[in-house]
Amino acid sequence: MIKHIILWQIKDEFSPDEKFEIAQNAKKALETLTEQIDGLQMLTVQIQPLTSSNADMMLESVFSSTEALANYQKHPLHVAAADTFVRPFMKARLCYDFDEI
């Protein structure tokens with residue numbers, strides 16, 4: 001089982017209300033991918049961090065294999081969701097992938 005964790009920071013130019021709307025839109029777009037991409041077993045996006053956090057959003061996903069993760073990353077539905085609802089609004093992205101044995 002492969003876990004794929006992403007942390008994002010939304011650009012500072014957006015107001016708190018705009019940031020929340022951006023996060024909601026990204027969450028909705030990304031979470032719909034679970035049933036549409038082979039090998040993607042679970043995907044959830046957290047958008048209400050505690051004040052102790054230094055990230056605005058977190059994606060946690062589980063894949064059946066490293067090949068399934070690679071397929072997801074280039075899958076047209078994922079690319080479209082990321083290009084529309086995520087990438088234009090983010091100032092920073094961290095990724096941590098691992099094999100949970």
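Helix H1 (residues 16-31) has 16 residues, which at 1.5 Å a residue should span 22 Å, and its end C-alpha atoms are indeed 22 Å apart. The model is a predicted one. This briefing covers helix H1, the nonpolar core, the pairing of strand E1, and the surroundings of Lys3.

**Helix H1**

- The buried residues of H1 are Ile22, Ala23, Ala26, Ala29 and Leu30.
- Viewed down the axis of H1, these buried residues fall within an arc of 135°, so they line one face of the helix.
- Asp17 and Lys28, on the other side of H1, are exposed.
- The packing partners of the buried residues of H1 are E1, strand E2 (40-46), strand E3 (57-63), helix H3 (76-85) and strand E4 (90-99).

**Nonpolar core**

- The largest nonpolar core contains 25 residues, and those with the most contacts inside it are Trp8, Leu30, Met57, Leu59 and Tyr72.
- Two or more residues of this core come from each of E1, H1, E2, E3 and helix H2 (66-74).
- H1 supplies the largest share of this core, namely five residues.
- Leu30, listed among the core residues with the most contacts, is also one of the buried residues of H1.
- Beyond its neighbours within four places in sequence, Tyr72 is in contact with His4, Leu33, Ile37, Leu40, Leu43, Leu59, Phe63 and His78.
- Leu59 thus appears both among the contacts of Tyr72 and among the core residues with the most contacts.

**Strand E1 and its pairing**

- Strand E1 comprises residues 2-10, and seven of its nine residues are buried, leaving the strand mostly covered.
- E1 pairs with E3 in the antiparallel sense over seven bridges; within this pairing, Leu7 has Met58 of E3 as its bridge partner.
- E1 is also joined to E4 by nine bridges, and these two strands run antiparallel; here the bridge partner of Ile5 is Tyr96 in E4.
- In a regular strand, side chains alternate between the two faces of the sheet.

**Lys3**

- Lys3 is found in strand E1.
- The relative accessibility of Lys3 is 14%, so Lys3 counts as buried, the cut-off being under 20%.
- The side chain of Lys3 makes a polar contact with the side chain of Glu60, at 3.3 Å.
- With neighbours within four places in sequence left aside, the contacts of Lys3 are Glu60, Ser61, Val62, Tyr96, Asp97, Phe98 and Glu100.
- Tyr96, one of these contacts of Lys3, is the residue of E4 that serves as bridge partner to Ile5.

Conventions: Residues numbered from 1 in each chain as written. Predicted model: local features only at pLDDT ≥ 70, side-chain atom pairs only at ≥ 80, totals over all residues. Heavy atoms only, no water. Helix = DSSP H or I, 4+ residues; strand = E, 2+ residues; numbered from the N terminus. Buried < 20%, exposed > 50% of the residue type's maximum accessible area, 1.4 Å probe, protein only. Polar contact = N/O pair within 3.5 Å; in protein donor to acceptor, adjacent residues only side chain to side chain. Contact = heavy atoms within 4.5 Å. Expected span 1.5 Å × (residues − 1). Arc of directions from axis to C-beta. Core = buried A, V, L, I, M, F, W, Y, C linked by side-chain atoms within 4.5 Å. Pairing = 2+ DSSP bridges.
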